[in-house]
Amino acid sequence: MDILENMVKNLLKYESEVHKLLSTYESAGKSRIIRLDESYKELDGLSIEQDELFREALRCVENGLFRAAHVLAWAGFIDFLHSILALHIPQIKNKKEKWKISKKEDFREYPDFQIIEAAKDVGILNKSEMKTLKGLLSKRNECAHPSDYFPDLNETLGYISELLKRIKILQMRIKEK
């Protein structure tokens, strides 16, 4: 029995080493997924809902569902942006007089494009950030609707990474105020 346990232990060690080696090669498929550990670590500081949406996006990446990963990552990001906007409801009501908002969930009634513009209008985003987020929204839309856009592993990881970086920037900005 000790021989069998030792063999299993050595095989697991071997598998781990192989994954480490192959994870640096794009075409290594499943071994590359080991690199998602860093992405999972970036989820600290998110709400439970946002964390779950990003985790689902990363699970989609692990399974090669790259379009779905874009959609879920965007959902996590836009929920985060709704949370920030909920802290600025009086200012938003001044800028968007027709909007009927009193809590975070009310922002779900408005298109993401308008949400991004509202964030710029109240000073949460600058013009450059607004344009970048509109571009990321456009990519999300290509993934969510019939199109010829089929992102690969690198594009998807880059997309998720970009959204997480934007969240970190906004979190730091909030702490400074």
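This note goes through the fold, the core, one surface patch and the salt bridges of a predicted model.

1. Overall fold. The chain contains eight helices and zero strands. Read from the N terminus, its elements follow the order α-α-α-α-α-α-α-α. Among contacts between residues at least 6 apart in sequence, 59% join residues at least 24 apart.

2. Burial and surface. The chain has 177 residues, and 40% of them count as buried. Its exposed area is about 10,900 Å². Carbon and sulfur atoms supply 55% of that area.

3. The nonpolar core. In soluble globular proteins, nonpolar side chains tend to be buried together. Here the largest nonpolar core has 43 residues. Phe54, Trp74, Phe77, Leu81, Leu85 and Ile160 are the residues with the most contacts inside this core. At least two core residues come from each of helix H3 (48–62), helix H4 (66–86), helix H5 (89–95), helix H6 (112–121), helix H7 (127–144) and helix H8 (153–176). The most is given by H4, with 11 residues.

4. A closer look at one core residue. Which residues does isoleucine 160 touch, leaving aside those up to four places away in sequence? The list is Phe54, Ala57, Leu58, Val61, Ala69 and Ala73. Of the partners just named, Phe54 is also listed with isoleucine 160 among the residues with the most contacts inside the core.

5. A nonpolar patch on the surface. Leu4, Val8 and Leu12 make a nonpolar surface patch of about 270 Å². Valine 8 lies in helix H1, which covers residues 2–22. Is valine 8 buried or exposed? Valine 8 counts as partly exposed because its relative accessibility is 42%, between the cut-offs of 20% for buried and 50% for exposed.

6. Salt bridges, and one between buried residues. The whole structure has nine salt bridges. One of them pairs aspartate 79 with lysine 104, with the closest N and O atoms 3.0 Å apart. This pair links distant parts of the chain: aspartate 79 is in helix H4, lysine 104 is in the loop between H5 and H6, and the two are 25 residues apart. Both aspartate 79 and lysine 104 are buried.

7. A salt bridge with one buried partner. Lysine 103 and aspartate 106 also meet through their side chains in a salt bridge, at 3.2 Å from N to O. Lysine 103 counts as partly exposed because its relative accessibility is 42%. Aspartate 106 has a relative accessible area of 14%, so this residue is buried.

8. A salt bridge between two helices. Glutamate 117 and lysine 134 form a salt bridge in which the closest N and O atoms are 2.8 Å apart. Glutamate 117 belongs to helix H6 and lysine 134 to helix H7, so the pair links distant parts of the chain, 17 residues apart. Why does lysine 134 count as buried? Its relative accessibility is 18%, and buried means under 20%. Glutamate 117, with a relative accessible area of 24%, is partly exposed.

9. A shared network. Asp79, Lys104 and Arg108 are joined into one network by salt bridges that share partners. Two members of this network, Asp79 and Lys104, are the buried pair described above.

Definitions and conventions
Residues numbered from 1 in each chain as written. Predicted model: local features only at pLDDT ≥ 70, side-chain atom pairs only at ≥ 80, totals over all residues. Heavy atoms only, no water. Core = buried A, V, L, I, M, F, W, Y, C linked by side-chain atoms within 4.5 Å. Buried < 20%, exposed > 50% of the residue type's maximum accessible area, 1.4 Å probe, protein only. Helix = DSSP H or I, 4+ residues; strand = E, 2+ residues; numbered from the N terminus. Contact = heavy atoms within 4.5 Å. Areas by Shrake-Rupley, 256 points an atom, 1.4 Å probe, with all protein chains shown as cover. Patch = residues over 30% accessible without salt bridge, like charges linked within 9 Å, V, L, I, M, F, W, Y side chains within 5 Å. Salt bridge = Lys/Arg side-chain N within 4 Å of Asp/Glu carboxyl O.
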